[in-house]
Amino acid sequence: MHPVDADLPRAGLLRRLAAILYDSLLAGAVLFLAAALVLPLTGGEAVAAGNPLFTAYLFLVLFLFFAWFWIHGGQTLGMRAWRLRVQRRDGHPISWGQAMLRYLMAWVSLLAAGAGYLWLLLDRERNTWHDRFSETVIVVLPKKH
């Protein structure tokens, strides 16, 4: 567990996007596995495109993937590679409720043509919409020597 530190610098857009790129590759593999687990239930046939139950299942799998990392150490693998950590504003680990709010609002931030992410360029505390909504921050961890 990392020491509690509310005074670490906030992450900028490029570092966040780099971590998202790393995490998207791993998330794609997780979704592939999740979809493969459903195949025995469909007789080996592909699930119809737009199936709301299957979409909700994948949405939940992705939430559990991200939330587990955020709650257990504050870092996904992409965040670890770029020395980022999600935490409460006071430096403590986030809760499941905050993880859910963060996850849902991150989708809103993305689906609004990325405006929720770009917001950090205007925000004096370098927060995105999902940072603000979930009362969390992304900080840059110091280099290890």
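## Helix packing around helix 2

The crossing of helix 2 and helix 4 has a right-handed sense, and this feature of the predicted model is a convenient place to begin. Helix 2 covers residues 52-71 and helix 4 covers residues 96-111, and their axes come within 10 Å of one another while crossing at roughly 125°. Angles from 115 to 145 degrees fall outside both the roughly perpendicular and the roughly antiparallel ranges, and helix 2 and helix 4 are therefore oblique to each other.

On the helix 2 side, the residues that meet helix 4 are Phe-59, Leu-62, Phe-63, Leu-64, Phe-66, Ala-67, Trp-68, Trp-70 and Ile-71, while helix 4 contributes Trp-96, Ala-99, Met-100, Arg-102, Tyr-103, Leu-104 and Trp-107. By character, the residues of this contact between helix 2 and helix 4 comprise 15 nonpolar, no polar and one charged.

Several of these side chains also take part in aromatic contacts. A single aromatic cluster is formed by Phe-59, Phe-63, Trp-96, Tyr-103 and Trp-107, and Phe-59 and Phe-63 belong to the helix 2 side of the contact, with Trp-96, Tyr-103 and Trp-107 on the helix 4 side. When ring centres within 6.5 Å are taken as pairs, the count comes to eleven aromatic pairs. Arg-102, for its part, lies over the face of Trp-70, at 5.6 Å from the ring centre.

Helix 2 also packs against helix 1, which spans residues 13-38, and the axes of helix 1 and helix 2 come within 10 Å and cross at roughly 135°. That angle makes helix 1 oblique to helix 2, and the crossing of helix 1 with helix 2 is right-handed. Here helix 1 supplies Asp-23, Leu-26, Ala-27, Val-30, Leu-31, Ala-34, Ala-35, Leu-37 and Val-38, and these face Phe-54, Tyr-57, Leu-58, Val-61, Leu-62, Phe-65 and Phe-66 of helix 2. The residues of the contact between helix 1 and helix 2 divide into 15 nonpolar, no polar and one charged. Leu-62 and Phe-66 of helix 2 appear in the contact with helix 1 and also in the contact with helix 4.

These helices belong to a chain with six helices and two strands, whose elements follow the order α-α-α-β-α-α-α-β from the N terminus. The C-alpha trace of the chain spans about 55 × 35 × 25 Å along its principal axes.

Key: Residues numbered from 1 in each chain as written. Predicted model: local features only at pLDDT ≥ 70, side-chain atom pairs only at ≥ 80, totals over all residues. Heavy atoms only, no water. Axes fitted to C-alpha atoms, helices over the stretch in contact; angles between N-to-C directions. Helix = DSSP H or I, 4+ residues; strand = E, 2+ residues; numbered from the N terminus. Parallel < 35°, antiparallel > 145°, perpendicular 65-115°, else oblique. Left-handed = near helix turned anticlockwise from the far one by under 90°. Contact = heavy atoms within 4.5 Å. Nonpolar A, V, L, I, M, F, W, Y, C, P; charged D, E, K, R; others polar. Phe/Tyr/Trp six-rings, centres within 6.5 Å; stacked < 30°, edge-to-face > 60°. Lys NZ or Arg CZ within 6 Å of the ring centre and 35° of its normal.
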